[in-house]
Amino acid sequence: MNILGINAFHGDASAALVKDGELVAAIEEERLNRRKHCAGFPGLAAKAVLSGSGVAPTEIDHVAVSRDPKANLHKKILFTLQKRPSFTKLVKDRLANVAKVRGLDDALAAALGVQAKQLRAKFHNVEHHKSHLSSAFFVSPFDEAACLSIDGFGDFVSNMRAVGRGLDLEILDRVEFPHSAGLFYTGITQFLGFHKFGEEWKMMGLAPYGKPTYVEKLRQVIRPLDGGRFELNLDYFRHHSEGIEMTWDDGSPQMGLCFSPKLAELLGPARDPEDPEFFGKWADIAHSTQVVFEEIFFHVLNDLHARTKLTKVALAGGCALNSVANGKIFERTPFREVFVQPAAGDNGTAIGAAFFVEHSVLRRPRNFVMRHAYTGPGFTDAEVAAAIESARGNGSVGSVGSVGWDPTISVRHLEDADLYREVVTAMTAGKVVGWFQGKMEFGPRALGNRSIVADPRRADMKDILNKRIKHRETYRPFAPSVLEEKAAEVFERSEPSPFMLMVYKVKEAMRAKLPAITHVDNTGRLQTVSAATNPRYHALISEFERQTGVPLVLNTSFNEHEPIVANPTEALNCYLKTRMDVLALGNWILTRQVQADVDAA
Ligand SMILES: [Fe+2]
């Protein structure tokens, strides 16, 4: 039984393959076409998840699409009829999108290089939030759990709650357009001058620098309602009245401003994106937004607990990527076990739609738990060697860039133990290491296979990374990857966080020792690494502990202002164009002289 899940014409387009009830591959289109958050049709991803799986396009039994133009249709029509003519553009855009979703079989056949009539698969439309809920519950270890999907919007809904039991999701309720906790967060993110799609991280990272001085004002923008519901004060938004301009094609999505001019009456003028100042008032607004978002998030979750009396919860939707809020679930709700799927955003709906068909439609039993996120492409030792040879031989790195080879680079092939030892020795000398191993991660976080790793003990490491590679806002924190069995020695909580979706406080005694990963509010967005799911990364961190006594490393994604690198050539390109010192590509290690004097300057 082969089910292809597709998230198409929505942010973070992606594809997933579920074969006999197991997730065998899941990939975001952006990693393959190199356009961040790409929202088009995931043709490359669909082809990639099939390749290596032994499943031919003609052997796909079902295609599950994570949206349903017919879902909540009566609400959409009613809402549209109530609106003025100015709303017609939004209606037109929506109809154009519906047409695209209906033409998916042709798009898929073309992407897979077959005729549409050769595809014998049955197509299913799965409502967006049912896909989110399925992406969490059906791959969780829970037989029964409370489930929450919370995001901006999808299929006219922003919030859906359910009870998951076995093969079924019993939907409890929905919060419909135009009300949305995700849109609240996005709106204030935009107000702070972060206008690109998916920049909510920037506000979350800024929040700890501020004070809660705008909480009262922001409580006027979104309000809790009885029954675990909430509503926006629509005076402060324009998505419901004018519609928001969205560019939803093959490139990176672009989204117009969703807040109205009235918000400036409440908070003062919006921040200019060019303003070099991030702190002061802006950090206070970020902090207050996080506080008010958490009030709504825990209002929704506590009511869900009260209604279900369950102690396990499965979360998905873009707001479930708010790792700061996730880390407080154990303190602020009665839930005792939490599962957040690594691609909790719209990328993960490809998985969710596929498992919804597998279980809720086909009634096939559950036999899979998503214990890791390494579902992307992997490369053999010979393929890595060929990529290095090509880069070295041509004097440049082929089609992904034109950066020349550096003749000071040495290339060696090491046994595992030597590789770990040498990489850690370089890290402890303050060097920055590209760590490219095994299969690529699914979801927004690099989890030790497409990562840049460094020594978390160095106070200057944040600056070094920013100067040499990341060039991002200097206030933003870097994250730690800690041995799962040692997490409790470093952090105040020890509940696992395998997908880097929980923020916990660093223990007081450890804070001064770990300046590169301890955020200004003494927290860290940790990844707990287990030997069972990533033995090589676990071995590397174990070697770091052996040499330093510290059971964690700094981990940031392997990229420079682009989607995370997917293949060895992209890793080589990133290595050559930045001033990364060492690159570990599988068992191949590349080292070069890096100008420490430039850092000092
Ligand atoms: Fe979503």
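**The nine-strand sheet and its salt bridges**

In this predicted model, nine strands make up an open sheet with mixed pairing, ordered 15-23-22-16-17-21-18-20-19.

Reader: Which strands stand at the edges of the sheet, each with a single partner strand?

Author: The order runs 15-23-22-16-17-21-18-20-19, and the sheet is open. A strand at an edge has a single partner, so one side of it is left without a neighbour in the sheet. The strands in that position are strand 15 (410-413) and strand 19 (502-505).

Reader: What does the twist average from one strand to the next?

Author: The sheet is open and its pairing is mixed. From one strand to the next, the twist averages 35°.

Reader: In which sense do strand 16 and strand 22 pair, parallel or antiparallel?

Author: Strand 16 covers residues 433-436 and strand 22 covers residues 582-585, with four bridges between them. Trp435 stands opposite Ala584 of strand 22. The sense of the pairing is parallel.

Reader: Which helix lies across strand 16, strand 22 and strand 23?

Author: Helix 17 (residues 461-470) lies across strand 17 (450-454) and strand 21 (552-557), at about 30° to strand 21. The helix across strand 16, strand 22 and strand 23 (588-591) runs at about 175° to strand 22. That helix, residues 568-577, is helix 21.

Reader: How many residues apart are Arg493 and Glu331?

Author: A search of the whole structure gives 41 salt bridges. In the one between Arg493 and Glu331, the closest N and O atoms are 3.5 Å apart. Arg493 is in the loop between helix 18 (487-490) and strand 19, while Glu331 is in helix 13 (residues 329-332); the separation is 162 residues.

Reader: Why does the pair of Arg536 and Asp416 tie together parts that are apart in sequence?

Author: Arg536 and Asp416 form a salt bridge with closest N and O atoms 3.1 Å apart. Arg536 lies in helix 20 (residues 535-548) and Asp416 in helix 16 (residues 416-428), so the parts tied together are apart in sequence by 120 residues.

Reader: Is Glu560 buried or exposed?

Author: Glu560 forms a salt bridge with Lys577, the closest N and O atoms being 3.8 Å apart. Glu560 is in the loop between strand 21 and helix 21, and Lys577 is in helix 21. Lys577 has a relative accessible area of 35% and is partly exposed. Because the cut-off for buried is under 20%, Glu560, at 16% relative accessibility, counts as buried.

Reader: Which residues are linked with Glu560 in a network of salt bridges?

Author: Glu560 has a salt bridge with Lys577. The network links Glu560 with Arg34, Glu562, Glu570 and Lys577.

Note on methods. Residues numbered from 1 in each chain as written. Predicted model: local features only at pLDDT ≥ 70, side-chain atom pairs only at ≥ 80, totals over all residues. Heavy atoms only, no water. Pairing = 2+ DSSP bridges. Helix = DSSP H or I, 4+ residues; strand = E, 2+ residues; numbered from the N terminus. Axes fitted to C-alpha atoms, helices over the stretch in contact; angles between N-to-C directions. Contact = heavy atoms within 4.5 Å. Salt bridge = Lys/Arg side-chain N within 4 Å of Asp/Glu carboxyl O. Buried < 20%, exposed > 50% of the residue type's maximum accessible area, 1.4 Å probe, protein only.
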